[in-house]
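Have a look at the structure below and turn it around a few times. We'll walk through it together, starting with the ligand and then moving along the chain.

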Amino acid sequence: MPTLATTVDGLALKNPFIIGSGPPGTNLNVIGKAFKEGWGAVIAKTVSLDASKVINVSPRYAKLMAKDGDEVSGWENIELISDRPFKIWVEEFKKCKDQFPDGVLIASIMEEYRRDAWIEIVERCQEAGVDGFELNFSCPHGLPERKMGAAMGQDCAILEEVCGWVMAAAKKPVWAKMTPNITHIEDPSRAALRSGCQGVSAINTIRCVMGINLETLRPEPTVEGYTTPGGYSSKAVRPIALRMVMEIALLIRREFGDRSLSGIGGIETGGDAAQFILAGADTCQVCTGVMKFGYECVKPMCEELLVFMDKHKFETLADFKGKSLPYFTTHADLVSKQAQRKAAQKAAQKKVVTADGEWSGDSFVQQSDALSRG
Ligand SMILES: Cc1cc2nc3c(=O)[nH]c(=O)nc-3n(C[C@H](O)[C@H](O)[C@H](O)COP(=O)(O)O)c2cc1C
């Protein structure tokens, strides 16, 4: 019987499914629900020291529906990090660890470009008993205007420096969450890992404009008649996330040996999770999927992943982590592999008949040709 249990950076998870930072981890009440439903870990909504600067608008979501039904394929949000006071969060982190001592609770943190602020937020969350950290270097809207979030994640030098500050204070594992809004995701990933972070999470949302209303001619989601580009998530982003996870996994293998990787982006089924693990992920985060299907979706996801493992006779997640990585190559290599196969086929077809039983109806002309002179 295969097992989904796994230990990542010393954190013992009963399964690889983690609530991704966002609305599904936005207070103690919903975090508790996630643990009761059986999630392997919860990454809480991103917190900062001064929530008074965080002002959300409404509406702040917009959905892209599949053409032939009512299924949501893409989801835009212009939501900011948590607008709840840090003091309340610290109390809730403590209560959460009291109520769910075995629940793996990871704090997602974001601060301005100030060493003292990063150290303070790490130390205060740590005192509250969190099991690990995810550094949000990736929120694509609102915060970059304050040089936070994606603005930091897109600047490798700043990212490396901030990760260094965090690593000097952190006594728990630290994952740096990458923005996909960059050409080469390997660059910030390398910077974070070089500064000593135990792992990388990828991806956060992709900067987008959901659409323009053809009646009102206003872009959506419309707030007082206006909008601002937001972050795209859900199924539609999965192929992009999978590509980036694959690239980071190859980077880790090449340059760091073994570091952890948390895959995120459009994961909704056990099969989706299997693909991220095959591409090198240790864990799989789900955010929009929980907003679409509820916390209970973890059960069918676990069942489906177990069925996949059973079918392929994998006993543990480690048995298939990164198993598909050797099959990624360059386009030039694909061309050369195809040319090699064609040449081999041609040679096989040209094989000279040595006994009458070898004549074939399909390659009769070639065989005749091979037997003739000139
Ligand atoms: C409404 C919403 C709010 C989010 N808030 C945060 C956040 O506070 N911090 C963070 O690191 N990521 C945040 N995210 C990004 C998600 O954690 C995740 O990286 C992204 O949505 C892709 O995964 P998904 O397709 O499973 O949602 C948010 C996503 C959504 C949809």
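What follows is a short tour of the ligand site, a charged pair and some unusual spots in the backbone.

Keep in mind that this is a predicted model.

**Around the ligand**

Let's begin with the ligand. A shell of 22 residues surrounds it, and the closest are S21, T46, K177, G266 and T288. What kinds of residues make up this shell? There are 13 polar ones, six nonpolar ones and three charged ones.

Some of the contacts involve oxygen atoms of the ligand. Here are three of them, with the part of the protein that takes part:

| Residue | Part of the residue | Distance to a ligand oxygen atom |
|---|---|---|
| N136 | N or O atom in the side chain | 3.1 Å |
| G266 | polar backbone atom | 2.8 Å |
| C287 | backbone N or O atom | 3.0 Å |

How much of the ligand does the protein cover? On its own, the ligand has 610 Å² of accessible area, and the protein covers 98% of that. The space that the ligand takes up is also the largest cavity.

**A charged pair**

Now for the charges. Side chains of opposite charge can pair when their charged atoms come close. Searching the whole structure turns up 20 salt bridges. One of them is between K53 and E112, whose closest N and O atoms are 3.2 Å apart. This pair ties together distant parts of the chain, with the two positions 59 residues apart in numbering. K53 sits in the loop between β4 (41-43) and β5 (61-65), while E112 belongs to the loop between β7 (105-109) and α3 (115-127).

**Odd spots in the backbone**

Most residues other than glycine have a negative phi, and most peptide bonds are trans. With that in mind, where does the chain do something else?

Start with S58 and P59, which are joined by a cis peptide bond with omega at about -5°. P59 is in the loop between β4 and β5.

Further along, the bond from A202 to I203 is cis as well, with omega near 15°. You'll find I203 in the loop between β10 (199-202) and β11 (206-208).

Finally, check out L217: this residue isn't glycine, yet its phi is positive, near 65°. L217 lies in the loop between β12 (211-212) and β13 (219-220).

Definitions and conventions:
Residues numbered from 1 in each chain as written. Predicted model: local features only at pLDDT ≥ 70, side-chain atom pairs only at ≥ 80, totals over all residues. Heavy atoms only, no water. Near = heavy atom within 4 Å. Polar contact = N/O pair within 3.5 Å; in protein donor to acceptor, adjacent residues only side chain to side chain. Areas by Shrake-Rupley, 256 points an atom, 1.4 Å probe, with all protein chains shown as cover. 1 Å grid on protein atoms, 1.4 Å probe; cavity = no way out; pocket = protein on both sides within 12 Å on 5 of 7 lines; lining within 4 Å. Sits in = over half its atoms within 2 Å of the grid points. Nonpolar A, V, L, I, M, F, W, Y, C, P; charged D, E, K, R; others polar. Salt bridge = Lys/Arg side-chain N within 4 Å of Asp/Glu carboxyl O. Helix = DSSP H or I, 4+ residues; strand = E, 2+ residues; numbered from the N terminus.
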